[in-house]
Amino acid sequence: MRSKNGQRLAPSDLTGLPLTHTAVIPESYLDEMGHVNVMWYTHFFSDATGGLFQLYGFTREHMETNRAGGFALEAHVRYFAELHVGERISVRSRAVARSAKRFQHIHFVVNEDDGVIAATGEFVGAYIDMTTRRMTTIPDDIAAAYDRLIEEHNRVGWDAPLCGIMRP
């Protein structure tokens with residue numbers, strides 16, 4: 001896999017990013033063709049998004065107190081290698097950008113058993129007022145914490161391998 005600037009990425013390049021989810025692949029994740037069904041990648045990305053939320057204060061407590069939530073708006077998934085039963089995976093996440101109401105991030109699914117990046121998931125999500133179920137402005141404290149994550153994640157030394165179409 002290559003970053004946006006063409007640099008080849010290896011799992012070791014991801015160590016500067018936070019670990020946001022881990023799992024072991026059970027047999028129940030396989031589809032009729034004998035590989036992990038795409039719905040489970042969505043599950044990995046969803047759990048990793050929850051892990052990323054914790055890092056910038058978008059916690060259950062924040063959501064309940066502020067009647068807030070997050071809705072996914074766009075997703076772009078790339079598959080690079082199959083995952084098999086019994087393999088251990090980790091997901092590392094990178095905050096990429098934000099606007100007044102939206103966040104953009106990318107997740108990397110790494111097969112810990114063979115050391116390859118199995119998939120990436122790039123997402124744009126919105127900060128939601130749950131009373132109206134509409135996008136609203138991200139509170140200053142959450143925005144500042146997300147901006148700090150972006151700065152921290154940009155220090156890894158390579159450009160995020162984004163699809164180039166999505167914008168926060």
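This note sets out points on aromatic pairs, charged side chains and selected residues in a predicted model.

1. Aromatic pairs in total, and a stacked example. The count of aromatic pairs comes to 14. One of them joins Tyr29 and Trp40, whose rings are stacked, at 3.7 Å centre to centre and with 5° between the planes. This pair links distant parts of the chain: Tyr29 belongs to the loop between β1 (19–24) and α1 (38–55), while Trp40 is in helix α1, 11 residues apart from Tyr29. Both partners are out of the solvent-exposed classes, since Tyr29 is buried and Trp40 is buried too.

2. A tilted pair. Tyr56 and Phe103 have ring centres 5.2 Å apart and planes at 45°, so this pair is classed as tilted. Tyr56 sits in the loop between α1 and α2 (60–66), and Phe103 in strand β4 (residues 102–111), so the pair ties together parts that are 47 residues apart in sequence. Tyr56 and Phe103 are both buried.

3. The aromatic cluster. Tyr56 and Phe103 also belong to one aromatic cluster, which is formed by Phe53, Tyr56, Phe58, Phe103, Tyr127 and Tyr146.

4. A charge over a ring. Arg94 is placed over the face of Trp158, and the distance from the ring centre is 4.8 Å.

5. Glu122, a buried acidic residue. Which side chain of opposite charge is nearest to Glu122? It is Arg78, at 5.4 Å. Glu122 is buried and has no salt bridge; a salt bridge would need a side-chain nitrogen of Lys or Arg within 4 Å of a carboxyl oxygen, so Arg78 at 5.4 Å does not qualify. The residue lies in strand β5 (residues 116–129). A polar atom of the Glu122 side chain is, however, 2.7 Å from the backbone nitrogen of Cys163. With neighbours within four places in sequence left aside, the residues in contact with Glu122 are Glu74, Ala75, His76, Gln104, His105, Ile106, Leu162, Cys163 and Met166. Cys163 thus appears both in this contact list and as the partner whose backbone nitrogen lies 2.7 Å from the Glu122 side chain.

6. Salt bridges. How many salt bridges does a search of the whole structure find? The search finds 2. In one, Asp113 is paired with Arg88, and the closest N and O atoms are 2.9 Å apart. That pair links distant parts of the chain, with Asp113 in the loop between β4 and β5 and Arg88 in strand β3 (residues 88–98), 25 residues apart. Asp113 has a relative accessible area of 40% and is therefore partly exposed. Arg88, with a relative accessible area of 43%, is likewise partly exposed.

7. The salt bridge between Asp147 and Arg98. Here the closest N and O atoms are 2.7 Å apart. Asp147 is in helix α3 (residues 140–154) and Arg98 is in strand β3, so that distant parts of the chain, 49 residues apart, are linked. Asp147 counts as partly exposed because its relative accessibility is 27%. For Arg98 the relative accessible area is 29%, which makes this residue partly exposed.

8. Positive phi at Arg67. The phi angle of Arg67 is near 50°, a positive value in a residue other than glycine. Arg67 is located in the loop between α2 and β2 (68–79). Its relative accessibility is 52%, so Arg67 counts as exposed.

9. Positive phi at Arg133. Arg133 has phi near 55°, again a positive value in a residue other than glycine. The loop between β5 and β6 (134–135) holds Arg133. With a relative accessible area of 51%, Arg133 is exposed.

10. Ala48 in helix α1. Is Ala48 buried or exposed? Ala48 is buried, because its relative accessible area is 0%. The residue lies in helix α1. Apart from neighbours within four places in sequence, Ala48 is in contact with Thr20, His21, Val91, Ser93 and His107. Ala48 and Met135 are 87 residues apart in sequence, and their C-alpha atoms are 22 Å apart in space.

Conventions:
Residues numbered from 1 in each chain as written. Predicted model: local features only at pLDDT ≥ 70, side-chain atom pairs only at ≥ 80, totals over all residues. Heavy atoms only, no water. Phe/Tyr/Trp six-rings, centres within 6.5 Å; stacked < 30°, edge-to-face > 60°. Helix = DSSP H or I, 4+ residues; strand = E, 2+ residues; numbered from the N terminus. Buried < 20%, exposed > 50% of the residue type's maximum accessible area, 1.4 Å probe, protein only. Lys NZ or Arg CZ within 6 Å of the ring centre and 35° of its normal. Lys, Arg positive; Asp, Glu negative; His and termini not counted. Polar contact = N/O pair within 3.5 Å; in protein donor to acceptor, adjacent residues only side chain to side chain. Contact = heavy atoms within 4.5 Å.
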